[in-house]
Amino acid sequence: MDGQLAETLQAPESTLKAEKASFLKQPKAVWATALAAVFAFMGIGLVDPILPAIATNLDASPSQVSLLFTSYFLVTALAMLITGFVSSRIGGKKTLLIGLAVIVVFSSLSGLSASVGELVGFRAGWGLGNALFVATALAVIVGVASGGAGTAIILYEAALGLGISLGPLLGALLGGWQWRAPFFGTAVLMAAAFIALIALLPKTPLPERKVRLRDPLLALGHKGLRTTAASGLFYNYGFFTILAFTPFILGMNAYGIGGVFFGWGVAVAVFSVFVAPPLQRRFGAVKVLTGTLFLLMLDLAGLGLAAGHSVPAVVVLVIAAGALLGVNNTIYTELAMGVSDSPRPVASSGYNFVRWMGGALAPFAAAQLGERFGPQVPFFAGAVAMVIAILIAFGGRAYLSAHEPHVV
């Protein structure tokens, strides 16, 4: 969620009503971009239901299969440093189209993989396309949407939540038939999005100031943004421990895993769009962030106790974690966009570079811990990561509190 949300949260009631009224009255270009964003975000959880099937069919261990996430998010993180540089020179529309084209190519190649090594490499290429698209989509939606920035941001968050929830469902429906099918299905969807954006999205103007390659790293010199990013790194470690490791301990087929993570994704979507903003208005970002991280620590500890003992308890705790993750996704991103004086695209690039490193590290580390020490240990490690995230946020609360909206 963009930093302009802070202004929306403090806006007069008449302004909020006007933006709500215009929510559905958007140009076709907005809906085309938002739909493409849904498809792009589906790629995050798409492989979840088919992880065990990939391990079986490609004769790979859980830690080898976990590299599908690690390569994807590592390249996504690194590419965040160049997305602003690229889009400020060729424009948002061209950047989106290049990102979609890259995803089409590498998702198709993923479906043709003959070994887990090939699949890991193709997922890395997919991560590059994802970074180019995702980092640019919000700016494009804000630029062409009607009803103000607040409406555009809600649309973007809705697309993110919908994509995260539908990804595991699509992976289950297609993966239950053949484990390669979800990759080809994604390629078809992204190709359709590519055609839609060519037809419906007008040419986007170039920004007045070109972004330099070093700007995202310089932006992290701001203590507020650096605090948010560092805490977000450990938060993302816990997030992707749940997403990437849990499928291996559920003992379910693709349909069962997809159903569990569809419920998880729905919780992420609902709580990020409808619950996080009023909580922030009522209690302030820092209190909501640290409180939710504490509950997430308890949830991860509960998963550690339940792993290998009670599948129903694991299912309930995973879906409950989705609600907590949804709240924190919104709070972290809103803080990152507004806590510093850097331009929002630059602040976003610096923040995402750091926090996606947590997503890159967690899947492989969790699988390694699970293989060596048992299925409980990865979740306990995730709980420790939440403690570190809390300590970082609490230590930098003075910088984060400067961004607080008025508490009502």
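Let's start with Thr83, which counts as buried because its relative accessibility is 2%, under the 20% cut-off for that label. This residue lies in helix H5. Keep in mind as you look around that the model is predicted. If you skip the neighbours within four places in sequence, Thr83 is in contact with Ala131, Leu132, Ala135 and Ser349.

Now slide along to Phe69, which is also found in helix H5. Phe69 is buried, since its relative accessible area is 0%. Its list of partners, leaving out residues up to four places away in sequence, runs to Ile44, Val47, Asp48, Leu51, Arg123, Leu243, Ala244 and Pro363. From Phe69 to Thr83 you travel 14 residues along the chain, and their C-alpha atoms are separated by 20 Å.

So what does H5 pack against? Helix H5, residues 62-90, packs with helix H7, residues 116-144, at an angle of about 35°, and their axes are 6 Å apart. As for handedness, H5 and H7 make a right-handed crossing. The residues of this contact divide into 17 nonpolar, eight polar and one charged.

To see things from the H7 side, pick out Asn130, which lies in that helix. Asn130 has 5% relative accessibility, so it counts as buried. Not counting residues up to four places away in sequence, Asn130 touches Ala40, Tyr72, Thr76, Ile103 and Ala135. Ala135 is a name you've met already, as it is one of the residues in contact with Thr83.

Next, step back to the loop between helix H4 (51-57) and H5, where you'll find Asp59. Is Asp59 buried or exposed? Asp59 has a relative accessible area of 72%, so it is exposed. There's something to spot in its backbone, too: phi of Asp59 is near 50°, a positive value in a residue other than glycine.

For a stop in another helix, head to Ala301 in H13, which covers residues 285-306. Ala301 is partly exposed, because its relative accessible area of 25% falls between the 20% and 50% cut-offs. Once residues up to four places away in sequence are set aside, Ala301 touches Phe380 and Ala383. Gly99 is another matter: Ala301 and Gly99 are 202 residues apart in sequence, and 38 Å lies between their C-alpha atoms.

Time to zoom out to the whole chain. Its secondary structure comes to 17 helices and zero strands. The C-alpha trace spans about 55 × 45 × 40 Å along its principal axes. Why speak of a compact globule here? A compact globule of 408 residues would have a radius of gyration near 22 Å, and the chain's 20 Å agrees with that. Buried residues make up 58% of the 408 residues. Contacts often link stretches from separate parts of the sequence: among those between residues at least 6 apart, 86% join residues at least 24 apart.

Finally, a word on confidence. The chain averages a pLDDT of 87, and 90% of the residues score at least 70. Over residues 1-16, though, the pLDDT is below 50, and this stretch has 35 contacts in the model beyond near neighbours in sequence. Where pLDDT is low, the predicted coordinates should not be read in detail.

Methods
Residues are numbered from 1 along each chain as its sequence is written. This is a predicted model: local features need pLDDT of at least 70, side-chain atom pairs count only at pLDDT 80 or more; totals for chains, interfaces and linings use all residues. Side-chain values use heavy atoms; hydrogens and water are left out. pLDDT is the predictor's confidence in each residue, from 0 to 100. Contact means heavy atoms within 4.5 Å. Axes are lines fitted to C-alpha atoms, for helices over the stretch in contact, and angles run from 0 to 180 degrees between N-to-C directions. Helices (H or I, at least four residues) and strands (E, at least two) are DSSP runs, numbered from the N terminus. A crossing is left-handed if the near helix is turned anticlockwise from the far one by less than a right angle, and right-handed if clockwise. Ala, Val, Leu, Ile, Met, Phe, Trp, Tyr, Cys and Pro count as nonpolar, Asp, Glu, Lys and Arg as charged, and the others, Gly among them, as polar. The radius of gyration is taken over C-alpha atoms; the globule rule is 2.2 Å times the number of residues to the power 0.38. Buried means under 20% relative accessible area, exposed over 50%, partly exposed in between (1.4 Å probe, protein chains only).
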